[in-house]
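Me: Could you take a close look at the aromatic pairing in this model for me, and then at a few single residues elsewhere?

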Amino acid sequence: MTTAASEPVTPQGQLQQSLDRAGITARVEPADDPPGLLVVLLGGTRLPFTHFASADEATAWLKNAGIGASADTDEDDNVVLHLPRDTVNAVRELLTSAYLHAEDAADAMQHALHQAGITLATVTVADQDALVIEIADSDNLATGVNLGVLLGADTIAQGLQLHRPKGMRKLASRLHLVLTGSVGGGVDMRAEPGCEHRDDRLVIGLRVDQALALADRISDALPSLRRTPAHA
(Lines give C-alpha, C1' and ligand atoms only; values in the text may rest on other atoms or scores of the structure.)
Protein backbone atom coordinates (compact mmCIF):
# COMPACT_ATOMS: atom_id res chain seq x y z
CA MET A 1 0.00 0.00 0.00
CA THR A 2 1.36 3.42 -0.92
CA THR A 3 0.31 6.82 0.32
CA ALA A 4 0.51 10.04 -1.60
CA ALA A 5 3.27 12.36 -0.50
CA SER A 6 1.97 15.54 1.07
CA GLU A 7 2.29 18.60 -1.08
CA PRO A 8 5.00 21.04 -0.04
CA VAL A 9 3.79 24.14 1.75
CA THR A 10 4.11 27.21 -0.44
CA PRO A 11 5.50 30.51 0.90
CA GLN A 12 1.91 31.80 0.84
CA GLY A 13 0.64 28.81 2.80
CA GLN A 14 3.52 28.95 5.26
CA LEU A 15 2.95 32.63 5.97
CA GLN A 16 -0.80 32.11 6.37
CA GLN A 17 -0.23 29.20 8.77
CA SER A 18 2.21 31.23 10.84
CA LEU A 19 -0.15 34.21 11.03
CA ASP A 20 -3.07 31.98 12.04
CA ARG A 21 -1.04 30.17 14.67
CA ALA A 22 0.24 33.49 16.05
CA GLY A 23 -3.31 34.80 16.38
CA ILE A 24 -2.89 37.57 13.81
CA THR A 25 -6.04 38.05 11.73
CA ALA A 26 -4.87 38.43 8.16
CA ARG A 27 -5.32 37.07 4.66
CA VAL A 28 -2.36 36.22 2.42
CA GLU A 29 -2.73 36.56 -1.35
CA PRO A 30 -0.37 36.21 -4.28
CA ALA A 31 0.96 39.35 -5.93
CA ASP A 32 2.28 39.75 -9.48
CA ASP A 33 3.79 43.23 -9.53
CA PRO A 34 6.27 42.90 -8.00
CA PRO A 35 6.16 39.09 -7.64
CA GLY A 36 5.53 38.24 -4.01
CA LEU A 37 2.69 38.25 -1.53
CA LEU A 38 0.03 40.60 -0.24
CA VAL A 39 -0.87 40.46 3.46
CA VAL A 40 -4.28 41.99 4.15
CA LEU A 41 -4.44 42.88 7.85
CA LEU A 42 -7.99 42.32 9.08
CA GLY A 43 -7.59 43.24 12.75
CA GLY A 44 -5.27 44.93 15.19
CA THR A 45 -4.64 42.05 17.57
CA ARG A 46 -0.96 41.27 18.09
CA LEU A 47 0.31 43.66 15.45
CA PRO A 48 3.37 45.84 16.10
CA PHE A 49 1.50 48.98 15.03
CA THR A 50 -0.16 51.30 17.51
CA HIS A 51 -2.81 52.17 14.95
CA PHE A 52 -3.28 49.02 12.91
CA ALA A 53 -5.37 50.84 10.24
CA SER A 54 -2.52 53.24 9.42
CA ALA A 55 -0.63 52.35 6.24
CA ASP A 56 1.92 55.07 7.04
CA GLU A 57 2.73 53.44 10.37
CA ALA A 58 3.02 50.01 8.74
CA THR A 59 5.35 51.46 6.09
CA ALA A 60 7.48 53.09 8.79
CA TRP A 61 7.66 49.77 10.67
CA LEU A 62 8.88 47.99 7.54
CA LYS A 63 11.45 50.71 6.88
CA ASN A 64 12.72 50.70 10.46
CA ALA A 65 13.16 46.92 10.21
CA GLY A 66 15.25 47.37 7.07
CA ILE A 67 12.72 45.54 4.90
CA GLY A 68 12.23 46.68 1.31
CA ALA A 69 8.44 46.42 1.28
CA SER A 70 5.55 48.85 1.36
CA ALA A 71 2.01 49.21 2.68
CA ASP A 72 -1.20 50.87 1.58
CA THR A 73 -4.93 50.41 2.18
CA ASP A 74 -7.58 48.60 0.16
CA GLU A 75 -11.15 49.66 -0.62
CA ASP A 76 -12.24 48.44 2.82
CA ASP A 77 -9.56 50.50 4.59
CA ASN A 78 -7.59 47.40 5.54
CA VAL A 79 -3.83 47.86 5.62
CA VAL A 80 -2.16 45.72 2.95
CA LEU A 81 1.52 44.80 3.12
CA HIS A 82 3.13 44.41 -0.32
CA LEU A 83 5.95 41.91 0.15
CA PRO A 84 8.43 41.14 -2.62
CA ARG A 85 9.51 37.50 -2.55
CA ASP A 86 12.83 38.20 -0.88
CA THR A 87 11.12 39.93 2.08
CA VAL A 88 8.49 37.29 2.95
CA ASN A 89 10.59 35.29 5.41
CA ALA A 90 11.83 38.39 7.23
CA VAL A 91 8.31 39.77 7.66
CA ARG A 92 6.99 36.39 8.80
CA GLU A 93 9.75 36.20 11.41
CA LEU A 94 9.15 39.73 12.70
CA LEU A 95 5.36 39.45 12.82
CA THR A 96 4.97 35.95 14.22
CA SER A 97 8.04 34.47 15.90
CA ALA A 98 7.48 35.90 19.39
CA TYR A 99 3.81 34.92 19.45
CA LEU A 100 4.54 31.48 18.01
CA HIS A 101 7.02 30.95 20.85
CA ALA A 102 4.43 32.11 23.38
CA GLU A 103 1.76 29.82 21.91
CA ASP A 104 4.18 26.88 22.07
CA ALA A 105 4.85 27.69 25.73
CA ALA A 106 1.11 27.82 26.43
CA ASP A 107 0.67 24.42 24.80
CA ALA A 108 3.54 22.97 26.85
CA MET A 109 2.07 24.41 30.04
CA GLN A 110 -1.43 23.12 29.26
CA HIS A 111 -0.08 19.66 28.44
CA ALA A 112 1.97 19.46 31.65
CA LEU A 113 -1.02 20.49 33.78
CA HIS A 114 -3.30 17.95 32.12
CA GLN A 115 -0.68 15.21 32.48
CA ALA A 116 -0.66 16.03 36.19
CA GLY A 117 -4.45 15.69 36.36
CA ILE A 118 -5.01 19.44 36.64
CA THR A 119 -7.68 19.56 33.96
CA LEU A 120 -9.63 22.56 35.26
CA ALA A 121 -6.91 24.94 34.08
CA THR A 122 -6.75 27.01 30.91
CA VAL A 123 -3.59 28.67 29.61
CA THR A 124 -3.78 31.68 27.30
CA VAL A 125 -1.27 34.05 25.74
CA ALA A 126 -1.68 37.52 27.24
CA ASP A 127 0.97 39.08 25.00
CA GLN A 128 4.15 37.97 23.31
CA ASP A 129 5.99 37.87 26.64
CA ALA A 130 3.37 36.60 29.10
CA LEU A 131 0.88 33.81 29.73
CA VAL A 132 -2.11 33.58 32.06
CA ILE A 133 -3.16 30.36 33.79
CA GLU A 134 -6.70 30.27 35.15
CA ILE A 135 -7.64 27.46 37.50
CA ALA A 136 -11.38 27.32 38.07
CA ASP A 137 -12.54 24.99 40.80
CA SER A 138 -15.84 24.59 42.60
CA ASP A 139 -14.22 22.38 45.27
CA ASN A 140 -12.59 24.99 47.52
CA LEU A 141 -9.65 25.45 45.13
CA ALA A 142 -8.50 21.87 45.66
CA THR A 143 -6.93 21.97 42.20
CA GLY A 144 -4.75 24.91 43.23
CA VAL A 145 -3.78 23.02 46.36
CA ASN A 146 -2.77 20.04 44.22
CA LEU A 147 -0.53 22.26 42.12
CA GLY A 148 1.28 23.41 45.25
CA VAL A 149 1.65 19.83 46.47
CA LEU A 150 2.97 18.79 43.08
CA LEU A 151 5.67 21.45 43.41
CA GLY A 152 6.71 20.14 46.83
CA ALA A 153 4.56 22.22 49.21
CA ASP A 154 2.79 19.31 50.93
CA THR A 155 1.31 21.49 53.68
CA ILE A 156 0.30 24.43 51.51
CA ALA A 157 -3.35 24.27 52.65
CA GLN A 158 -2.64 23.60 56.32
CA GLY A 159 -4.82 25.74 58.58
CA LEU A 160 -6.65 27.45 55.73
CA GLN A 161 -10.41 27.73 55.44
CA LEU A 162 -10.60 27.48 51.69
CA HIS A 163 -14.35 27.97 51.61
CA ARG A 164 -13.76 31.56 52.70
CA PRO A 165 -12.28 34.41 50.61
CA LYS A 166 -9.59 35.06 53.24
CA GLY A 167 -8.46 31.44 53.05
CA MET A 168 -8.36 31.58 49.26
CA ARG A 169 -6.23 34.71 49.35
CA LYS A 170 -3.83 33.08 51.79
CA LEU A 171 -3.58 30.05 49.50
CA ALA A 172 -2.76 32.38 46.61
CA SER A 173 -0.06 34.04 48.71
CA ARG A 174 1.50 30.70 49.61
CA LEU A 175 1.31 29.44 46.05
CA HIS A 176 2.93 32.68 44.90
CA LEU A 177 5.91 31.89 47.12
CA VAL A 178 6.08 28.32 45.82
CA LEU A 179 6.01 29.43 42.19
CA THR A 180 8.56 32.18 42.82
CA GLY A 181 10.85 29.57 44.32
CA SER A 182 10.32 27.36 41.27
CA VAL A 183 10.62 29.83 38.39
CA GLY A 184 11.88 33.13 39.83
CA GLY A 185 10.41 36.53 40.63
CA GLY A 186 7.75 38.43 38.78
CA VAL A 187 4.99 35.85 39.13
CA ASP A 188 1.53 37.38 39.41
CA MET A 189 -1.02 35.49 41.51
CA ARG A 190 -4.48 36.26 42.75
CA ALA A 191 -7.52 34.43 44.08
CA GLU A 192 -10.99 35.34 42.83
CA PRO A 193 -13.75 33.96 45.07
CA GLY A 194 -16.70 32.69 43.06
CA CYS A 195 -20.39 33.32 43.30
CA GLU A 196 -23.60 31.57 42.35
CA HIS A 197 -22.74 31.78 38.67
CA ARG A 198 -18.96 31.37 38.71
CA ASP A 199 -16.51 28.97 40.36
CA ASP A 200 -13.66 30.06 42.60
CA ARG A 201 -10.54 30.82 40.57
CA LEU A 202 -6.82 31.19 40.88
CA VAL A 203 -5.24 33.40 38.21
CA ILE A 204 -1.50 33.07 37.62
CA GLY A 205 0.55 35.37 35.39
CA LEU A 206 3.92 34.13 34.14
CA ARG A 207 6.52 35.22 31.64
CA VAL A 208 6.92 32.86 28.71
CA ASP A 209 10.29 31.59 29.97
CA GLN A 210 8.79 30.98 33.41
CA ALA A 211 5.93 29.00 31.91
CA LEU A 212 8.37 26.77 30.04
CA ALA A 213 10.38 26.24 33.23
CA LEU A 214 7.22 25.45 35.21
CA ALA A 215 6.04 22.98 32.57
CA ASP A 216 9.39 21.19 32.85
CA ARG A 217 9.20 21.24 36.66
CA ILE A 218 5.71 19.71 36.62
CA SER A 219 6.73 17.05 34.10
CA ASP A 220 9.76 16.14 36.21
CA ALA A 221 7.53 15.76 39.27
CA LEU A 222 5.07 13.38 37.61
CA PRO A 223 6.96 10.09 38.20
CA SER A 224 7.14 10.71 41.95
CA LEU A 225 3.52 11.90 41.95
CA ARG A 226 2.40 8.59 40.49
CA ARG A 227 4.25 6.67 43.21
CA THR A 228 2.50 8.48 46.07
CA PRO A 229 -1.15 8.66 47.11
CA ALA A 230 -3.12 11.49 45.54
CA HIS A 231 -3.79 14.52 47.73
CA ALA A 232 -7.26 15.91 48.11
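Reply: Happy to; here is the aromatic pair, followed by two residues from other helices.

This is a predicted model, where local features need pLDDT of at least 70, side-chain atom pairs count only at pLDDT 80 or more, and totals for chains, interfaces and linings use all residues. Residues are numbered from 1 along each chain as its sequence is written, and side-chain values use heavy atoms, with hydrogens and water left out.

The structure holds one aromatic pair. F49 and W61 form this pair, with 5.4 Å centre to centre and 80 degrees between the planes, which makes it edge-to-face. For the terms: rings of Phe, Tyr and Trp (its six-membered ring) pair if their centres lie within 6.5 Å, and planes under 30 degrees apart count as stacked, over 60 as edge-to-face and the rest as tilted. F49 sits in the loop between β2 (35–41) and α2 (55–64) while W61 belongs to helix α2, so the pair ties together parts that are twelve residues apart in sequence. Helices (H or I, at least four residues) and strands (E, at least two) are DSSP runs, numbered from the N terminus. Both F49 and W61 are buried, meaning under 20% relative accessible area, with exposed over 50% and partly exposed in between (1.4 Å probe, protein chains only).

Now to helix α1 (residues 11–21), where S18 is found. S18 counts as buried because its relative accessibility is 9%. Leaving aside residues up to four places away in sequence, S18 touches R92, T96 and L100; contact means heavy atoms within 4.5 Å.

Finally, N146 has its place in helix α4 (residues 142–150). N146 has 28% relative accessibility, so it counts as partly exposed. The C-alpha atoms of N146 and L38 are separated by 49 Å, and these residues are 108 residues apart along the chain.
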